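Visitor: I should like to take a close look at a single part of this protein. Please describe the largest pocket for a first-year student, and then the parts of the chain around it.

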Amino acid sequence: MKIEISEIANLPSRFGTFKIQSFKQGIKEHLVVFKEPLGEIPLVRVHSECLTGDSMGSLKCDCRDQLEFALTTIEKNGGMVIYLRQEGRNIGLLNKVNAYALQDKGFNTIEANHQLGFLDDERTYEMVEFVLDYFNLKKIKLLTNNPKKIESLKNIEIVERVPVIIPSNKFNAGYLKTKKEQMGHLL
C-alpha cells in the first residue's frame, strides 16, 4: 500500500487544540486529528466521512454527534480521531444522496443500499492499522458502537470498547434502530 504522509500541523478548533496529519491513499486523503500525550493505550475514534452529517448538520444520522463526542473526549483525555474518507459507508456522495431519496420513500438505510446494488456496509479499515502502526500504537481504547470495526482490527489489541451513546431525534430514530437491530451496533 503506497501512502503519502503530510507534515504535522496545529489545529486549533472549537473543541480544543489538536495536531493534524494527512495520509493519502490513492485518491483518498484521510486525516488524523490527535491530542498529545497519546500515552501507551490511547483513546481512538475511527470515523468515516459523512459530509451531510459532519459538515451540513444532517439530523438523519448521528455522525456529527459522534464526531463531536470523540473530539470533546479526546481533548480532555488525549488520543486520536482517524477520519477516513469513506462517504456513505463507502458508497460515495452521489449514491448516498440516492440512498437518502430511497429512505424518503420508506426504505431503511440497509434496504436503500441494497436497492442501489451495495452491501450493508462497504467500508474497509486497513488504513486504520497503517496509521496505528505509523504512530507505533499496539493497544488502544476504541470509541465505537460498531462491532465490525472491532473485528476488522486484527493487528492491534483493543483493551476497551468505549461506547459513543448519542440521544436519537425524530429524524434518526429509525436509522439508529436499523443500525442496532440489523447491523449489530451496540447502542
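Guide: The description below begins with the pocket, passes to the helix that contributes most to its lining, and then turns to other parts of the chain. Please keep in mind that the model is a predicted one.

Let us start with the space itself. Rolling a probe the size of a water molecule over the atoms shows where empty space is left. The largest pocket holds about 360 Å³ of space. Its lining consists of 17 residues. Those that lie nearest the centre of the pocket are D54, S55, L67, L71 and Y83. Sorted by class, the lining comprises 10 nonpolar, 5 charged and 2 polar residues.

Which elements give two or more residues to this lining? They are the strands β2 (9–13), β4 (28–35) and β6 (79–84), together with the helices α1 (51–55) and α2 (63–77). The largest share, 4 residues, is supplied by α2.

Helix α2 therefore deserves attention next, as its length can be checked against its number of residues: the 15 residues, at 1.5 Å a residue, should span 21 Å, and the end C-alpha atoms are indeed 21 Å apart. The buried residues of α2 are C63, Q66, L67, A70, L71, T73 and I74. Two of these names have appeared already, since L67 and L71 are among the residues nearest the centre of the pocket. Just after α2 comes G78, which takes a positive phi of about 80 degrees.

The residue C63 leads to a question about sulfur atoms. A disulfide is a covalent bond between the sulfur atoms of two cysteines. How many disulfides does a search of the whole structure find? The number is 0. C61 takes part in none, and the nearest cysteine sulfur to its own, that of C63, is 3.6 Å away. Seen from the other side, the sulfur of C63 has its closest cysteine sulfur in C61, and 3.6 Å is too far for a bond, because a disulfide requires the two sulfur atoms to be within 2.5 Å. Both cysteines are nevertheless buried: C61 has a relative accessibility of 6%, and C63 one of 15%.

Between α1 and α2 the chain forms a loop, and two of its residues may be considered together. S58 lies in this loop and is buried, because its relative accessible area is 19% and the limit for a buried residue is under 20%. L59 is placed in the loop between α1 and α2 as well, but with a relative accessible area of 45% it is partly exposed. Distance along the chain and distance in space are separate matters here. L59 and N169 are 110 residues apart along the chain, yet their C-alpha atoms are separated by 7.4 Å. S58 and I8, by contrast, are 50 residues apart in sequence and 30 Å apart in space, C-alpha to C-alpha.

Some details of the backbone come next. Most residues other than glycine have a negative phi, and most peptide bonds are trans. A cis peptide bond, with omega about 0 degrees, joins E36 and P37. P37 is situated in the loop between β4 and β5 (43–48), and β4 is one of the elements that line the pocket. Helix α3 (residues 87–90) contains R89, which is not a glycine but has a positive phi of about 55 degrees. N90, also found in helix α3, has a phi near 75 degrees, again a positive value in a residue other than glycine. R89 counts as buried, because its relative accessibility is 11%, whereas N90, at 26%, counts as partly exposed.

Helix α4 (residues 93–104) offers a clear view of how a helix can have two faces. Its 12 residues should span 16 Å at 1.5 Å a residue, which agrees with the 16 Å between its end C-alpha atoms. In α4 the buried residues are K96, A99, Y100 and L102. They cover an arc of only 160 degrees around the axis, and so they are on the same side of α4. An α-helix has 3.6 residues a turn, so residues three or four places apart point the same way. The exposed residues L94 and D104 are carried on the face of α4 turned away from its buried side.

Finally, helix α6 (residues 126–134) has the buried residues M127, V128, E129, V131 and L132. Just after α6, N136 takes a positive phi of about 60 degrees.

Key:
Residues are numbered from 1 along each chain as its sequence is written. This is a predicted model: local features need pLDDT of at least 70, side-chain atom pairs count only at pLDDT 80 or more; totals for chains, interfaces and linings use all residues. Side-chain values use heavy atoms; hydrogens and water are left out. On a 1 Å grid over the protein atoms alone, a cavity is a set of points where a 1.4 Å probe fits but cannot get out, and a pocket is an open set with protein on both sides within 12 Å along at least five of seven lines; lining residues have an atom within 4 Å of a point. Grid points are joined across faces, edges and corners, and a volume is the space filled by probe spheres set on the points. Ala, Val, Leu, Ile, Met, Phe, Trp, Tyr, Cys and Pro count as nonpolar, Asp, Glu, Lys and Arg as charged, and the others, Gly among them, as polar. Buried means under 20% relative accessible area, exposed over 50%, partly exposed in between (1.4 Å probe, protein chains only). The expected span of a helix is 1.5 Å times one less than its number of residues. The arc is that of the directions from the helix axis to the C-beta atoms.
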